[in-house]
Amino acid sequence: MSHRPHPGRRSVLRGSLAASAALPLPAGLGAAPAFALSGRPEAGWGVQAGDVTSDSGLIWVRSDRPARMIVETSATESFRNPRRRYGPLLGPDTDFTGTTRLHGLPPGEQIHYRVRLADPDDPRRTGEGVAGTFRTAPVRRRQGVRFVWSGDLAGQGWGINESIGGYRIFDAMAKLDPDFFLCSGDNIYADGPIAATAALPDGSVYRSVTSEEKSHVAVTLADYRGNFRYNLLDPALRRFNAQVPNIVQWDDHEVRNNWYPGEVITSGTPYPAGTRLDDLASRARRAFAEYFPLSPLTARGDGRIYRVVHHGPLLDVFVLDMRTYRDANSPDDQTTDPQGILGREQLDWLKRELARSRAVWKVIAADMPLGLVVPDGVEGRPNFEAVAQGDPGVPLGRELQIAELLRFVKHRRITGTVWLTADVHHTSAQHYDPSRAAFKDFEPFWEFVSGPLNAGSFPAGALDGTFGPDRVFVKAPARANVSPAEGYQFFGEVDIDGDSGELTVRLREQDGTVLFTQVLQPGRVGQ
């Protein structure tokens, strides 16, 4: 977009950020740091920025030993006259990770930051600075907004394959120079071990980087922490994190496939019989909070993953948590369902915040799709994992909450709602219209699906006709669990023009090739 020039950003990537991403990782693939290390504290896992607003941002780092986090900011990459902020002492309680909030930043500007780690016993001993950059959200509409989204990383046993460029999709996303990255969940596959090799259909071999924590399913807190560290072994992801701030949500694989609150594992393989999913989820949530810059999960936050991130006058992002508050997976054909997939408190929050929003566009970031049928088990009468259950009639089960929300959007005349998601490991665009639906008390809207980032891809599943979806576009493989070496890895781009207010969605392949484009007009209830 010509109204969003940022001279110098590209030179930053060629210089300090590229050098930061190339820093050597600590020995041992990130095992718990030893306390007898010589030299100075190192930040070989890179830096991240998250939940950036018009005047603030949250910076993340991990040390290789106890250290004090120090963040320097500057208007230029030369770091002349930087402003210095002292962050927390990083120690074993947080797996040597920590965040520092930057306040009082200028809106709509490129912020350069550098993280240094200081020896807590001798503050003069600091490690090499690790640089990053991000743009604060604008306060003027004409600056426009561009972001990318996807999900599903290191799934189905497909890990970091250096022979194909590792997590190369992150380099393609970085080339678009987005304001932020929305990760729609499944940031790790805690339930998916990664072997060093896997046979491919053509007789070749897929070779993955491995680690001890990825050799088995995650059960302990150390296991979950190791799963998050595994992804940071990839240089492309570390480069991306230093350039593009994130908005992160979670789904099931941060804990275990298709988990729900109150679930207890009855079989003994690979998890011990009697394992309570609530216990696993507590450990996973702690590691999740440690390894991403998430404002609500900091010491001063409210502890919720669901939140709204305001990104200037053009965009509010409503980040949902469709995992923590859901009822049990079931045939989902009940005629009343007060808990649903969101829980009553989150649904009321979402309705309230949508009504309050004055942004031109209101992106609802869902970690699961609305009209795509996602079974949970296939023996006998199946349970269902997402919202839809395949009955094209009136809303049942979890669909009842979605019907309530869609009715609310219509009658409150809330404009500019768009749904984005991942989860199903293909890319598609669905248009929902009451003229095709069994439930008719809503206005038309779009749902766009992307992913995976680096995981097995799968054929597109069936649609449920309750809300009248029409699959306008889809790209998916013909067989299940196609490896990243064979393609079918996807991300999406959203580009909001500051002059016209038009929102353009582009569904892209892992190399950035555009597969599908849809332009939406502002100011409409539905589209």
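Here are some worked exercises on a predicted model.

**Exercise 1: the α3/α5 pair**

Task: Work out how helix α3 and helix α5 are oriented to each other, and which residues make the contact.

Solution:
- Start with what you need: two packed helices are described by the angle between their axes and the distance between the axes.
- Here α3 covers residues 221-231 and α5 covers residues 277-291. Their axes come within 9 Å and cross at roughly 40°.
- Now classify that angle. Under 35 degrees would count as roughly parallel, and 65 to 115 as roughly perpendicular. The α3 and α5 helices are therefore oblique to each other.
- Add the hand: the crossing of α3 and α5 is right-handed.
- Next, the residues. From α3, the contact takes in L221, Y224, R225, F228 and R229. From α5, the partners are L280, R283, A284, R286, A287, F288, E290 and Y291.
- Sort them by character and you get eight nonpolar, no polar and five charged residues in the contact of α3 with α5.

**Exercise 2: how covered is α3?**

Task: Find how many residues of α3 are buried, and what the buried residues pack against.

Solution:
- Count first: ten of the eleven residues of α3 are buried, leaving the helix mostly covered.
- Put names to them: the buried set is L221, D223, Y224, R225, G226, N227, F228, R229, Y230 and N231.
- Then look for what does the covering. The buried residues of α3 pack against α5, α4 (235-243) and β2 (57-62).

**Exercise 3: a loop residue that reaches α3**

Task: Place E213, decide whether E213 is buried or exposed, and find the polar contact of its side chain.

Solution:
- E213 sits in the loop between β12 (205-207) and α3.
- The cut-off for buried is under 20% relative accessible area. E213 counts as buried because its relative accessibility is 12%.
- Setting aside residues up to four places away in sequence, E213 touches A222, D223, G226, N227 and R229.
- One of these, R229, has its side chain joined to the side chain of E213 by a polar contact of 3.0 Å. R229 also turns up among the α3 residues that contact α5.

**Exercise 4: a second helix pair, and the loop after it**

Task: Say how α6 and α7 pack, then follow the chain to S357 and ask which side chain S357 has a polar contact with.

Solution:
- Helix α6 (residues 344-356) and helix α7 (residues 399-411) have axes 11 Å apart, at an angle of about 15°. That makes α6 roughly parallel to α7.
- α6 passes α7 in a right-handed crossing.
- On the α6 side, R344, L347, L350, K351, L354 and A355 make the contact. On the α7 side, Q401, E404, L405, F408 and V409 do.
- The tally for this contact is seven nonpolar, one polar and three charged.
- Moving on, S357 lies in the loop between α6 and β16 (361-365). S357 counts as buried because its relative accessibility is 9%.
- Leaving out neighbours within four places in sequence, S357 is in contact with D316, F318 and K362. With D316, the side chain of S357 makes a polar contact of 2.6 Å.

**Exercise 5: backbone oddities**

Task: Check N81, F96 and the peptide bond from G451 to P452: what are the phi values, and what is the omega?

Solution:
- Keep the background in mind: most residues other than glycine have a negative phi, and most peptide bonds are trans.
- N81 isn't a glycine, yet its phi is positive, about 50°. You'll find N81 in the loop between β3 (67-74) and β4 (83-90). At 78% relative accessibility, N81 counts as exposed.
- F96 has a positive phi too, near 65°. F96 is in the loop between β4 and β5 (97-102). With 3% relative accessibility, F96 counts as buried.
- The bond from G451 to P452 is cis, with omega near 5°. P452 belongs to the loop between β21 (445-449) and β22 (469-475).

**Exercise 6: a cysteine in a strand**

Task: Describe the surroundings of C183, and give its C-alpha to C-alpha distance from D367.

Solution:
- C183 lies in strand β10 (residues 180-183), and is buried, with a relative accessible area of 4%.
- Leaving aside neighbours within four places in sequence, C183 is in contact with S150, G151, I247, V248 and Q249.
- C183 and D367 are 184 residues apart in sequence, and their C-alpha atoms are 8.9 Å apart in space.

Note on methods
Residues are numbered from 1 along each chain as its sequence is written. This is a predicted model: local features need pLDDT of at least 70, side-chain atom pairs count only at pLDDT 80 or more; totals for chains, interfaces and linings use all residues. Side-chain values use heavy atoms; hydrogens and water are left out. Axes are lines fitted to C-alpha atoms, for helices over the stretch in contact, and angles run from 0 to 180 degrees between N-to-C directions. Helices (H or I, at least four residues) and strands (E, at least two) are DSSP runs, numbered from the N terminus. Angles under 35 degrees count as roughly parallel, over 145 as roughly antiparallel, 65 to 115 as roughly perpendicular and the rest as oblique. A crossing is left-handed if the near helix is turned anticlockwise from the far one by less than a right angle, and right-handed if clockwise. Contact means heavy atoms within 4.5 Å. Ala, Val, Leu, Ile, Met, Phe, Trp, Tyr, Cys and Pro count as nonpolar, Asp, Glu, Lys and Arg as charged, and the others, Gly among them, as polar. Buried means under 20% relative accessible area, exposed over 50%, partly exposed in between (1.4 Å probe, protein chains only). A polar contact is a pair of N or O atoms within 3.5 Å; within protein, one must be able to donate a hydrogen and the other to accept it, and residues adjacent in sequence count only if both atoms are side-chain atoms.
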